[in-house]
Amino acid sequence: CLVKGFKVVFDSSVQPNGSGIHMGYYAKGCKVLNNIIYNATNGMVITEGNVKNNLIVKASFAIVCGVFDETRQYTINIDSNFITYFTYAIYPREVGLMTINASNNIFKIETIFQSDGEVLYNALSNSITPKFDNNVSKSTNDLIFSRAIANFVPGNFTNNQFLAKFETVFSNSSSSATFKNNNVLNSQNAYNGVGDVRYNNFWNVGNYPQDTTNISV
C-alpha cells in the first residue's frame, strides 16, 4: 500500500489525539511518503515498510512500530524525515521479530518533562534489532533528563549527531551493541552499561571511555 501527500492536523488543545497515519498490522511492505502530521498522539503506527520524507510535528510518540505475527521478521526503514516530538521518537510497542533502520533523520525534542525525550526506546524485546545511522538529535531546551538511546539488545549506532544535553546518550545492556563514529555535544554522560563504544567525539561530556579511539574536541 502507498500513503502519500496527506496533511493531517489535530487540535493541539485536545489531548490525547489519535494517530496521524495508522497502518494495520496486516499491511506489508507499505510506503508512507511525503506526508505532514501535526499534534498527533501517535504520528504514525506502522508494522512494516518505508517511512520517508515525512514531516511530523509535536507528536507524543512520533513513530510507533508494532508487529502482528511474532514468528515473522518485519523490517521498517525510517529515512529522511523531520520529526519533532515530546516522549519518544521511535517506539517499538510489541514484542516480535523486527529490524528498525533509521537513517538521515532529524529528531527535534520538544519536551520539558524530565522523563521524556528519548530518541529510541526499546526495552520490550530482545528480538528487535535497531540500526541508527546519520541522524541528528537536538533539543529546544537546556536539559533533557533522559536517554537518547535506550536499547537493551544488539544494535548499531554510527555517524550520528547528538546535540542535546541528555542525561545519558547511550544506555545499553548488550555487549554486542556498537556506538561508533558519533558526535556527542554537551550531554551529562556519554553512556552507561556495556557495548562497543569507540571512535566517537565527546565534547563537553562526562563519563566516556578514556581510550585511544574516543576523543574530546
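In this predicted model, Ile90 touches Ile63, Cys65, Ile78, Ile100, Ala102, Phe107, Val119, Leu120, Tyr121 and Phe132, leaving out residues up to four places away in sequence. Ile90 belongs to the largest nonpolar core, which holds 50 residues. Within that core, Ile63, Ile90, Phe132, Phe162 and Phe179 touch the most other members. Strand 8, residues 55-65, gives the most to this core, with five residues. A second core is separate and has six residues. Val45, Tyr91, Tyr121 and Ala150 are among them. In soluble globular proteins, nonpolar side chains tend to be buried together.

The strands were examined next. Nine of them form an open sheet. Their order is 1-4-7-9-11-14-17-20-23, and the pairing is parallel. Strand 1 (2-4) and strand 23 (196-198) are the edge strands, each pairing on one side only. From one strand to the next, the twist averages 5°. Within this order, strand 14 (residues 128-133) and strand 17 (residues 156-158) run parallel and are joined by three bridges. Lys131 stands opposite Asn156 of strand 17.

Strand 6 spans residues 42-46 and is mostly covered. Five of its five residues are buried. Strand 6 pairs with strand 3 (residues 19-22) through three bridges, and the two run parallel. Here Met44 in strand 6 is the bridge partner of Ile21. Strand 6 also runs parallel to strand 8, and four bridges join the two. In that pairing, Asn42 stands opposite Phe61 in strand 8. Strand 8 is also the strand that gives the most residues to the largest nonpolar core.

Strand 9 contains Ile76. Ile76 counts as buried because its relative accessibility is 0%, and the cut-off for buried is under 20%. Leaving aside neighbours within four places in sequence, Ile76 is in contact with Ile46, Thr47, Glu48, Gly49, Cys65, Met98, Thr99, Ile100 and Asn101. The C-alpha atoms of Ile76 and Asn50 are separated by 6.0 Å, although the two residues are 26 residues apart along the chain.

Thr84 is found in strand 10, residues 82-92. Its relative accessibility is 4%, so Thr84 counts as buried. The side chain of Thr84 reaches the backbone nitrogen of Lys58 at 2.7 Å. Lys58 is also one of the residues that Thr84 touches, when residues up to four places away in sequence are not counted. The others in that list are Ile56, Val57, Ala59, Lys108 and Glu110.

Charged side chains were then considered. The count comes to four salt bridges. One of these joins the side chains of Lys52 and Asp79, at 3.6 Å from N to O. Lys52 lies in strand 7 (residues 49-52) and Asp79 in strand 9 (residues 74-79), so the pair ties together parts that are 27 residues apart in sequence. Lys52 is partly exposed, at 35% relative accessibility. Asp79 is buried, with a relative accessible area of 16%.

Another salt bridge links Lys180 and Asp196, with the closest N and O atoms 3.3 Å apart. Lys180 lies in strand 20 (residues 178-180) and Asp196 in strand 23, so this pair ties together parts that are 16 residues apart in sequence. Asp196 also meets Arg198 in a salt bridge, at 2.8 Å from N to O. Arg198 is partly exposed, its relative accessible area being 29%. Lys180, Asp196 and Arg198 are thus linked in a network of salt bridges. Strand 23, where Asp196 lies, is one of the edge strands of the open sheet.

Key:
Residues are numbered from 1 along each chain as its sequence is written. This is a predicted model: local features need pLDDT of at least 70, side-chain atom pairs count only at pLDDT 80 or more; totals for chains, interfaces and linings use all residues. Side-chain values use heavy atoms; hydrogens and water are left out. Buried means under 20% relative accessible area, exposed over 50%, partly exposed in between (1.4 Å probe, protein chains only). A polar contact is a pair of N or O atoms within 3.5 Å; within protein, one must be able to donate a hydrogen and the other to accept it, and residues adjacent in sequence count only if both atoms are side-chain atoms. Contact means heavy atoms within 4.5 Å. Two strands pair if DSSP finds at least two bridges between them. Axes are lines fitted to C-alpha atoms, for helices over the stretch in contact, and angles run from 0 to 180 degrees between N-to-C directions. A nonpolar core is a set of buried Ala, Val, Leu, Ile, Met, Phe, Trp, Tyr and Cys residues joined through side-chain atoms within 4.5 Å.
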